[in-house]
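Colleague: Hi! I'm new to this one, could you walk me through it?
Modeller: Happy to. Let's bring it up and start with a helix end.

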Amino acid sequence: MIRTIQIKGFKSIVSETLELGRINCFIGANGVGKSNILEAIGVLGAAASGRVDDESLQRRGVRAGVPRLYKSSFEGNRVRAEIDLQVTGTCQQEFRVSLLNPLEHPDPAWSYKTEYLSDGLQEIVSRGVRARAEHSNLAKNAGLTALKIIDLAPDNAAAKLIRQLQNYAIYCPNTPTLRGTVQDGQSRMPLGLSGGRLAEGYAELCKQVLNSNDVLLDSVLELMDWVGHIDMTDSGSPLLSDAVPRSKYVLRFTDRFMKQSRNTLTAYDASEGALYVLFCAVMCLTPHAPKLFAVDNLDQALNPRLVSRLVAKLASWLKQADGERQLLFTAHNPAVLDGLDLGDDEVRLFAVERNSNGHTRINRINPSPELLALNLQYPLSRLWLMGRLGAVPNV
């Protein structure tokens, strides 16, 4: 797993270091830089793939923008020429890059200043401002790491770290795309960044995991108390009006409270909460889902009690599917916190705020004896609203 991330000079983040667990929740007021954390990792993932440009960034869910929008820029502070990003893994494998993104006449818009990769035992890539003679034919906007890992064994710690970064993406599901009535702008496996392919993704999850694991299937279905059964049907289903736009396949739900002759409906008519639950289940449990991924605004469209119960299941879902899979997510609903088991060191809560200079600061909320004592009296959601955890708007 990725254990440490360092970010310098990216958007509102002047210099911050995070130590990650399996589940990583970021809370804070609007505009404090929560999404910037997720996007910094997206830039690093693009760099690990060998090229940073608008296309590679958008594929990872990073908002495309002009150079001045990517760099930290505060009154009284010199604008850094480069953006520095670094990650360290469980085996002390390390990848770091220094990227140039010129404000004036950027051509190319992004280029590598330095690049370093180690598997914890030996140095694999070390590329400075002036490439060594053997790298002289490599364009300044092309990364060397993506080429080097081809020669590494699949189980090499550095190769595993780079693959995690390369496959990283920020997901932001929305209801029309989850329903299958709007095409996903960034389609990928197992789900698109907006939640596209949900029907196919859930069918694959059932085939590969849930059909042979009743306990795990029940842990998903129990979050939707009205659902008796879920499967997939083609878009020619008579359950949909001809006026409804649709994808090739759609989800089909059976409502256990309705009459058997009229108890079937598609994702177009089903509760949107059920669709967001299925989205999380697919991303956490499908074998070929990314080992590292992020969800921006995980709590949207979910009832407070439902989101608490869903968050409580995420850590166990991730661990059962893949011991190395990690999730980062942002949230605004205080009820999210009541699903976090801070007694588990792999479940981590971060308060994100702006300091007096406007810089984004990221502080892990550790389960101190004082906090645990307060938590016996009040749920974490209440403590957040009371201002005991920080990360509240100054309004």
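Colleague: Which residue caps the N-terminal end of H8?
Modeller: That's Ser271. One of its side-chain oxygens lies 3.1 Å from the backbone nitrogen of Gly273. Keep in mind that this is a predicted model.

Colleague: Got it. And how far apart are the end C-alpha atoms of H8?
Modeller: They are 20 Å apart. H8 covers residues 272-285, which makes 14 residues, and at 1.5 Å a residue the helix should span 20 Å, so the two values agree.

Colleague: Nice. How many of the residues of H8 are buried?
Modeller: 13 of the 14 are buried, so H8 is largely enclosed by the rest of the structure.

Colleague: Enclosed by what? Let's look at the sheet. What is the order of its three strands?
Modeller: The order is S9-S10-S11, in an open sheet with antiparallel pairing. S9 (227-234) and S11 (264-266) stand at the edges. Each of those two has a single partner strand, so one side of each is left without a neighbour in the sheet. The twist averages 30° from one strand to the next.

Colleague: How many bridges pair S9 with S10?
Modeller: Seven, and the pairing is antiparallel. S10 covers residues 249-255. To get your bearings there, find Met232, which stands opposite Leu251 in S10.

Colleague: And which strands does helix H6 touch?
Modeller: H6 (residues 198-208) packs on the sheet and touches S9 and S10. The direction of H6 makes about 65° with that of S10. Our earlier helix, H8, also packs on this sheet, touching S9 and S10, with its direction at about 115° to that of S10.

Colleague: Changing topic: how many salt bridges does the structure hold?
Modeller: There are 16 salt bridges. One of them joins Arg361 and Glu16, whose closest N and O atoms are 2.5 Å apart. That pair links distant parts of the chain, since Arg361 is in strand S15 (residues 360-364) and Glu16 is in strand S2 (residues 13-19), 345 residues apart.

Colleague: Is Glu16 buried or exposed?
Modeller: Glu16 is buried, as its relative accessible area is 6%. Its partner Arg361 has 39% relative accessibility, so Arg361 counts as partly exposed.

Colleague: What about Glu39, which residue does its side chain meet in a salt bridge?
Modeller: Arg63, with 2.6 Å from N to O. Glu39 lies in helix H1 (residues 34-48), and Arg63 sits in the loop between helix H2 (54-59) and strand S4 (82-89), so the pair ties together parts that are 24 residues apart in sequence. Glu39 has 3% relative accessibility and therefore counts as buried. Arg63 is partly exposed, at 48%.

Colleague: And where does Lys113 lie?
Modeller: Lys113 has a salt bridge too, with Glu82, at 3.4 Å from N to O. Lys113 lies in strand S6 (residues 111-118) and Glu82 in strand S4, so parts 31 residues apart in sequence are tied together. Lys113 counts as partly exposed because its relative accessibility is 26%. Glu82 is buried, with a relative accessible area of 15%.

Colleague: One last thing: which residues do salt bridges that share partners join into one network?
Modeller: Lys11, Glu39 and Arg63. You've met two of these already, as Glu39 and Arg63 are the pair with the 2.6 Å salt bridge.

Conventions:
Residues are numbered from 1 along each chain as its sequence is written. This is a predicted model: local features need pLDDT of at least 70, side-chain atom pairs count only at pLDDT 80 or more; totals for chains, interfaces and linings use all residues. Side-chain values use heavy atoms; hydrogens and water are left out. Helices (H or I, at least four residues) and strands (E, at least two) are DSSP runs, numbered from the N terminus. The expected span of a helix is 1.5 Å times one less than its number of residues. Buried means under 20% relative accessible area, exposed over 50%, partly exposed in between (1.4 Å probe, protein chains only). A polar contact is a pair of N or O atoms within 3.5 Å; within protein, one must be able to donate a hydrogen and the other to accept it, and residues adjacent in sequence count only if both atoms are side-chain atoms. A salt bridge is a side-chain nitrogen of Lys or Arg within 4 Å of a carboxyl oxygen of Asp or Glu. Two strands pair if DSSP finds at least two bridges between them. Axes are lines fitted to C-alpha atoms, for helices over the stretch in contact, and angles run from 0 to 180 degrees between N-to-C directions. Contact means heavy atoms within 4.5 Å.
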